[in-house]
Amino acid sequence: MSVSENLEHIQREIALACEKAGRKSEEIKIIAVTKYVSIERTAEALDSGIYHLGENRDEGLTEKWNIIGDKAIWHFIGTLQSRKVKNIVDKVSYIHSLDRLSLAKEIDKRAGKVIPCLVQVNVSGEESKHGMNPEDVKNFIKDLEHFPNILVDGLMTMAPNSEDENLLRSCFKKLKELRDEISSLNLPYAPCRELSMGMSNDYRIAVEEGATMVRIGSALVGNEREVQDK
């Protein structure tokens, strides 16, 4: 299916989820995760009206940015090694994977502007997931006061790959509660407005539980790597 057709379906699903939760669809940013698709397919997403694009590798982001540039709003959504910050920091509008002080120091040093960052939280506690333990997040964010080029704009998590709706809801609710707790501190450098949670298989539930950003790959732009592997 075309990206436009996929987008229409996703927008309908988000509208239903928002209606159920008493929210407005305008509150939700759809991020097209383009890490497994070509530049041509990425351009199709732009033509469909999707301007938020997510990449999880510095090489992939740089390759697409060199062609698309600032026609898109770029989100770095993958684990970020400190030594690779210099490759992406001048290209992105959001970094979704801030999870340690050494990374914060490198972002702050390399950035020529204030970078909105989301602190990645391992709400599920799975060893395979990156991110901070929830109980460490508040003190970590307080330490970020010393980095003027970092704006803590929210939190991010990856839910378990599960069909257990109660488990998914529990993860998303915990992240929202933590976000609300930090937001209530009224820290000028950490407004903590965004909740980046929900992907192709669980974005509807995430929206019902408060997501403001959903990161959608296969359901929106497809996954060319899967096609190649078949």
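## A walk through strands, helices and loops

E106 is buried, with a relative accessible area of 14%. That puts E106 under the 20% limit below which a residue counts as buried. The residue is part of helix 5, which covers residues 101-110. Once neighbours within four places in sequence are set aside, E106 is in contact with S82 and V85. Please keep in mind as you read on that this is a predicted model.

### Strands 1, 2 and 8

Let us turn to the strands. Strand 1 (residues 29-33) runs parallel to strand 8, and four bridges join the two. One pairing to look up in your viewer is that of A32, whose bridge partner in strand 8 is I216. Strand 1 also pairs with strand 2, again in the parallel sense, over two bridges. Here V33 stands opposite G54 of strand 2. Strand 1 thus has parallel pairings with strand 8 and with strand 2.

Which residues of strand 8 point one way, and which the other way? Strand 8 spans residues 213-216, with M213 and R215 pointing one way and V214 and I216 the other way. All of these residues are buried, and I216 is the one already met as the partner of A32.

Strand 2 (residues 52-55) is likewise covered on both faces. H52 and G54 lie on one side, L53 and E55 on the other, and all are buried. The G54 in this set is the residue that stands opposite V33.

### Two helix pairs

Next come two packed pairs of helices. Helix 6 (residues 134-143) and helix 7 (residues 165-183) have axes that come within 11 Å and cross at roughly 25°. That angle makes helix 6 roughly parallel to helix 7, since angles under 35 degrees count as roughly parallel. The crossing of helix 6 past helix 7 is right-handed. On the helix 6 side, the contact is made by P134, V137, K138 and I141, which meet L178, E181 and I182 of helix 7. Sorted by type, the residues of this contact are five nonpolar, no polar and two charged.

Helix 2 (residues 39-47) packs with helix 3 at an angle of about 55°, and their axes are 11 Å apart. Helix 2 and helix 3 are therefore oblique to each other. Helix 2, too, passes its partner helix 3 in a right-handed crossing. The residues that meet are I39, T42 and L46 from helix 2 and E63, K64, I67 and I68 from helix 3. This contact divides into four nonpolar, one polar and two charged residues.

### Loop residues with positive phi

Backbone angles are worth a look as well. Most residues other than glycine have a negative phi. Against that background, N186 has a phi near 55°, a positive value in a residue other than glycine. C192 is not a glycine either, yet its phi is positive at about 50°.

Where do these residues lie? N186 is in the loop between helix 7 and strand 7 (194-196), and C192 also has its place in the loop between helix 7 and strand 7. Is N186 buried or exposed? At 64% relative accessibility, N186 counts as exposed. C192, by contrast, is buried, with a relative accessible area of 1%.

### Separations along the chain and in space

Three pairs of C-alpha atoms let you set separation along the chain beside separation in space.

| Pair | Residues apart along the chain | C-alpha separation |
|---|---|---|
| D70 and V92 | 22 residues | 9.2 Å |
| S4 and I50 | 46 residues | 9.3 Å |
| E27 and A43 | 16 residues | 24 Å |

Each pair has a member whose setting can be described. D70 sits in the loop between helix 3 (58-68) and strand 3 (73-76), and with a relative accessible area of 73% it is exposed. S4 belongs to helix 1 (residues 3-21) and counts as partly exposed at 33% relative accessibility. E27 lies in the loop between helix 1 and strand 1, where its relative accessibility of 38% makes it partly exposed.

Methods:
Residues are numbered from 1 along each chain as its sequence is written. This is a predicted model: local features need pLDDT of at least 70, side-chain atom pairs count only at pLDDT 80 or more; totals for chains, interfaces and linings use all residues. Side-chain values use heavy atoms; hydrogens and water are left out. Buried means under 20% relative accessible area, exposed over 50%, partly exposed in between (1.4 Å probe, protein chains only). Two strands pair if DSSP finds at least two bridges between them. Axes are lines fitted to C-alpha atoms, for helices over the stretch in contact, and angles run from 0 to 180 degrees between N-to-C directions. Angles under 35 degrees count as roughly parallel, over 145 as roughly antiparallel, 65 to 115 as roughly perpendicular and the rest as oblique. A crossing is left-handed if the near helix is turned anticlockwise from the far one by less than a right angle, and right-handed if clockwise. Contact means heavy atoms within 4.5 Å. Ala, Val, Leu, Ile, Met, Phe, Trp, Tyr, Cys and Pro count as nonpolar, Asp, Glu, Lys and Arg as charged, and the others, Gly among them, as polar.
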